[in-house]
Amino acid sequence: ANPQPGVTLLDYGAGNVRSVKNALRQLGQEWNEVQSPGDILNAQKLVFPGVGAYEQAMQSLVRQGLVDALREYIQAGRPFLGICLGLQLLFEGSEENGGVEGLGLIPGRVQRFPASLGLPVPHIGWNDLDQWKASSLLQSVGDRRAYFVHSYCATPTPANDDWVLATSHYGMDFVAAIRQGDVHATQFHPEKSGPVGLAIIDSFLNSDGSTKPEQVAAQVSSPAAPLGSLESPFKAGAPRGLAKRVIACLDVRTNDAGDLVVTKGDQYDVREKGEGQDVRNLGQPVELAGRYAADGADEVTFLNITGFRDFPLGDLPMLEVLRQTSKGVFVPLTVGGGIREFMDAGGHHYSALQVAAEYFRSGADKVSIGSDAVAAAEELRRTGQKSGRSAIEQISWHYGAQAVVVSIDPRRVWVADPSSCLHRTVRTQQPGPQGEQHCWWQCTVKGGREGRNLGAVELAQAVEELGAGEILLNCIDKDGAGNGFDLELIKEVSDAVNIPVIASSGAGKPEHFAEVFHNSRAAAALAAGIFHRREVSIDDVKLHMAEQGIPTRTG
Ligand code: 1PR
């Protein structure tokens, strides 16, 4: 039992607060949930995690009659920790959803990162904090990074700078944390910021609610406790700013014995060569995810690779994997495979939103959509209109673009004469088997089993228009080959969209990561086989990136 005063959690019903609950549980802290305005007014410490759209969040607060109580609680300077939207809502309003009023406690309005910055939006990943003042909340952060995922931000101005505790930089300075008295809020997600984030939440839980500025200053001048074993090798002169992410991917499926295992294919063929041809078994999903998070993976992705043919809500083991993993892994989790609408054997219809909601409730921070995204893009290109019905649109509208990843499974097609090809081609440095000088990348569905008449660049642009927040760019030819990413493909796609692109398929050594970051706008790089087979560690990759001057998160 924790001796600290109780925590009250404000879950207004829009987002996934499971990870915040997992973090509290990990820290041995119990909580109760707000049911009525009185619960806010009686709270000893209030935590307000916000995910999703500004307008919906405000509407839920209004509908539940919580606005006045929340204002009163915060204006009284009582212990408060807002997270993400829980920071933005304290401002006067946001330009999101065409302009919405907020709680109006902090001067200034929340705006979208401007396109003129030329950077992918959402701002996703691990970024530095520039601490403006001493604070016990951030004292253990030191020069480590925290995890952000948002398209909108507040900016420091003379009118609000007495609130600003820390800023971060992404083409411009924006507010990363605020504090006045015992009222705190962070734009980043402490519950997804690994050991650094847990230390922040712990510090909030352990503050006695009567913090004096002098005490805080005294605490902060003492050296922060070391949080990660990775710390030292990276320190001196390490590049700052948004880190390029390193993601560990677990392709998961049921093997012939009926167990859910992590597998890994070569060009999407996951069966052993030779007799028996069993599905390759490289380990248990929960265990491996935990290992990668501890080893410094910036995110972990699960792909249920037979999800396209199974009913995902019937696939309870996968949901259970998420539940178990999210209890002990405090970095972002993505899950893909089978995110689409579905009719079960009893004729019951499930929308893609319902399927995704079940994954979010089980601990996913993002869902990844493969085959269904191709269908949606084809429809958009055919009709020239957004229907509002696709999985991408529905999930993005409800949970925000940052929660929707589109996984692309393309295969290279060489072309001798680009003028006779209906697709957008590029001149390639790797000529085809007949000496072809041009190529395009054909999208596939159902795990590469079926090719479609659509290029990877066209798909990426269409899904961005539909509301996807990120692209996971695989490459069937490169998958499992270990000879490096398809740099031409990744450059083409990352130049063609304004959302972050995750490079995937083909990593064989640390140099391949540096290569893809130097040669494309990829925001992240994902690998599977080399990590599963312990050929290369996440540390090896990050050390090499740091040596190459690529910003990387190290603790
Ligand atoms: O179509 O929405 O049900 O989603 C299915 C998902 O499963 C898609 O994201 C698709 O990429 C994935 N998938 C389907 N079949 C396979 C397969 O391998 N047979 N795996 C598959 C995709 C590719 C990567 C892999 C990287 C890195 N695996 O995620 O992890 O290529 O590997 P490497 O570092 O070892 O080269 P839907």
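Begin by selecting Gly65, which takes a positive phi of about 65° just after helix 3. The model on screen is a predicted one, and the stops that follow work outwards from this residue to the whole chain and then back to single sites.

**Helix 3 and its surroundings**

Extend the selection backwards to helix 3, residues 54–63, where Tyr54, Gln56, Ala57, Met58 and Leu61 are buried. To see what covers these buried residues, add strand 3 (45–50), helix 4 (67–75), helix 5 (85–88), strand 5 (91–94) and strand 6 (100–101), which are among the covering elements.

Select Cys84 next, a residue of strand 4 (residues 80–84). Cys84 is not a glycine, yet it has a positive phi of about 60°; with 27 other C-beta atoms within 10 Å, Cys84 is also buried.

From there, move to the loop between strand 7 (106–112) and strand 8, where Pro122 lies. The peptide bond to show here is the one from Val121 to Pro122, which is cis, with omega near 10°.

**The whole chain**

Now zoom out and colour by secondary structure: the chain holds 18 helices and 29 strands. Its radius of gyration is 23 Å, close to the 24 Å given by the globule rule for 555 residues, so the chain is as compact as a globular protein of that length. The C-alpha trace spans about 75 × 55 × 50 Å along its principal axes. Of the 555 residues, 52% are buried, and among contacts with a separation of 6 or more, 72% join residues 24 or more positions apart.

**Two domains and the contact between them**

Colour residues 7–227 as domain 1 and residues 247–408 together with 455–547 as domain 2, following the domain assignment of the chain. The centres of domain 1 and domain 2, taken over C-alpha atoms, are separated by 29 Å. Their contact takes 24 residues from domain 1 and 21 residues from domain 2.

On the side of domain 1 that touches domain 2, select helix 1 (18–26), strand 8 (123–127), strand 10 (146–150) and helix 6 (194–206), each of which supplies at least two residues. Helix 1 gives the most to this side, with 4 residues. Colouring by class shows 12 nonpolar, 9 polar and 3 charged residues on this side of domain 1.

**The largest nonpolar core**

Which members of the largest nonpolar core touch the most other members? Within this core of 168 residues, they are Val367, Ile392, Ile471, Ile502 and Ala525. Helix 14 (residues 456–466) gives the most to the core, with 7 residues. Because domain 1 and domain 2 both give residues to this core, it lies between them.

Centre the view on Ile471 and show its contacts: not counting residues up to four places away in sequence, Ile471 touches Val406, Ile408, Ala460, Val493, Val497, Ile499, Val501 and Ile502.

**The shell around the ligand**

Turn to the ligand and select the 32 residues that surround it, of which Gly370, Ser371, Ser407, Gly447 and Gly529 are the closest. Strand 15 (245–254), strand 21 (366–369) and helix 12 (371–383) each supply at least two residues of this shell. By class, the shell has 11 nonpolar, 16 polar and 5 charged residues.

**Three loop sites to finish**

Select Ser505, in the loop between strand 28 (501–504) and helix 16 (510–519). Phi of Ser505 is near 85°, a positive value in a residue other than glycine. Is Ser505 buried or exposed? With 28 C-beta neighbours inside 10 Å, Ser505 counts as buried.

Go on to Cys421, in the loop between strand 23 (410–415) and strand 24 (426–427), where 15 C-beta neighbours inside 10 Å make the residue count as partly exposed. Leaving aside neighbours within four places in sequence, Cys421 is in contact with Val415 and Trp440. Draw a distance from Cys421 to Cys439: these residues are 18 residues apart in sequence and 9.5 Å apart in space, C-alpha to C-alpha.

End the tour at Gln35, found in the loop between strand 2 (31–33) and helix 2 (37–41). Gln35 is exposed, with 10 other C-beta atoms within 10 Å. The C-alpha atoms of Gln35 and Tyr12 are separated by 9.3 Å, although the two are 23 residues apart along the chain.

Definitions and conventions. Residues numbered from 1 in each chain as written. Predicted model: local features only at pLDDT ≥ 70, side-chain atom pairs only at ≥ 80, totals over all residues. Near = placed C-beta within 6 Å. Nonpolar A, V, L, I, M, F, W, Y, C, P; charged D, E, K, R; others polar. Core = buried A, V, L, I, M, F, W, Y, C linked by C-beta atoms within 7 Å. Buried ≥ 20, exposed ≤ 12 C-beta atoms within 10 Å, placed from the backbone. Domains from an automatic or database assignment. Contact = placed C-beta atoms within 7 Å. Rg over C-alpha atoms; globule rule 2.2 N^0.38 Å.
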